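Reader: I should be grateful for a close examination of one helix in this model and of the way its neighbours pack against it. Please treat the contacts and the geometry together.

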Amino acid sequence: MHCFCSLHQGRRGFLLTAASLAIASPAAMAQVDVGAPSLLRNVVPAESLEESATQQYQQLLGQAKAKGALVDGNNAQLQRLRAIAQRIIPYTAQWNERAKAWRWEVNLINSKQINAFCMPGGKIAFYTGIIDQLRLSDDEIAMVMGHEMAHALREHSREQLAKNQATGLGLSLGAQLLGLGDLGNAAARVGTQLLSLKFSRNDESEADLVGLELAARAGFNPQAAVTLWEKMGQATGNNGVSFLSTHPTGPNRIRQLENNVPMVQRLYEQARRR
């Protein structure tokens with residue numbers, strides 16, 4: 001089903017830097033209010049975390065490939081994901097200057113899990129289950145992607161790691177910290193015991209709002225954030241919803257998104273006119 005001989009070439013061909021796609025605009029001021037990033041993250045060097053994340057990402061892809069689960073670059077779903085990412089990436093640097101130098105990468109893993117993530121440094125993976133089982137539209141995929149990008153841009157993993165260092169827990173970088181599913185867990189268990197972490201409620205709120213704005217600027221309908229989380233709520237009773245173990249849904253989350261859709265509606269309308 002998959003032609004693995006072209007996998008490396010397909011991934012390399014997608015690698016992008018935000019700087020090469022940067023869009024200069026006086027309208028780049030944020031429309032959502034999430035405040036300044038936590039200063040605690042400065043305890044952990046960003047370069048080290050991003051390097052470790054890249055290693056973890058490559059281990060995950062290697063394991064998925066060995067199991068025949070890494071989707072070929074010619075796959076229509078993967079091309080769809082990469083096209084959506086290409087539209088969003090130009091708007092990431094306003095949230096984190098480091099994103100200008102990130103080598104963004106998007107891959108798709110064939111799995112029934114409802115899951116997706118973006119690791120520090122812009123390494124993105126979706127599982128086919130989140131697209132197929134929730135029957136996501138392009139707009140809804142953009143909301144998932146924007147949300148996960150926002151976790152990386154706001155450096156929530158770096159902050160969580162710093163919190164554990166600050167309290168003397170000695171956490172190693174691992175799949176649970178980075179939001180991976182079972183394949184990532186297996187790769188990260190080599191020689192260490194992982195501590196499962198979840199982003200804080202505030203982190204999730206930030207990622208919702210920043211992701212909403214990123215997607216709107218890229219021309220994706222912000223109302224899709226509401227329909228996405230409604231679908232997530234309906235999927236709560238299903239098995240294998242890895243995404244919901246770290247991203248719990250609920251009426252408060254949907255209400256916050258509904259309240260912020262008008263804040264980014266103009267950005268969406270401007271993008272649609274371009």
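**Helix α5 and its packing partners**

Author: In this predicted model, helix α5 (residues 138–153) packs against helix α8 (residues 201–217). On the α5 side, Ala142, Met143, Gly146, His147, Met149, Ala150, His151 and Leu153 take part, and they meet Asp203, Glu204, Ala207, Asp208, Val210, Gly211, Leu212, Leu214 and Ala215 of α8. By character, the residues of this contact comprise ten nonpolar, four polar and three charged.

The geometry of the pair may be stated next. A packed pair of helices is described by the angle between the axes and by the distance between them. For α5 and α8 the angle is about 120° and the axes lie 7 Å apart; the two helices are therefore oblique to each other. The crossing in which α5 passes α8 is right-handed.

A second partner is helix α9 (residues 224–234), whose axis comes within 8 Å of that of α5 and crosses it at roughly 85°. α5 and α9 are therefore roughly perpendicular to each other. Here α5 contributes Asp139, Glu140, Met143, Val144 and His147, while α9 contributes Ala224, Ala225, Thr227, Leu228, Trp229 and Lys231. The residues of the contact of α5 with α9 divide into six nonpolar, two polar and three charged.

Taking the two contacts of α5 together, Met143 and His147 meet residues of α8 and also belong to the contact with α9. In orientation, α5 is oblique to α8 but roughly perpendicular to α9.

Key. Residues numbered from 1 in each chain as written. Predicted model: local features only at pLDDT ≥ 70, side-chain atom pairs only at ≥ 80, totals over all residues. Heavy atoms only, no water. Axes fitted to C-alpha atoms, helices over the stretch in contact; angles between N-to-C directions. Helix = DSSP H or I, 4+ residues; strand = E, 2+ residues; numbered from the N terminus. Parallel < 35°, antiparallel > 145°, perpendicular 65-115°, else oblique. Left-handed = near helix turned anticlockwise from the far one by under 90°. Contact = heavy atoms within 4.5 Å. Nonpolar A, V, L, I, M, F, W, Y, C, P; charged D, E, K, R; others polar.
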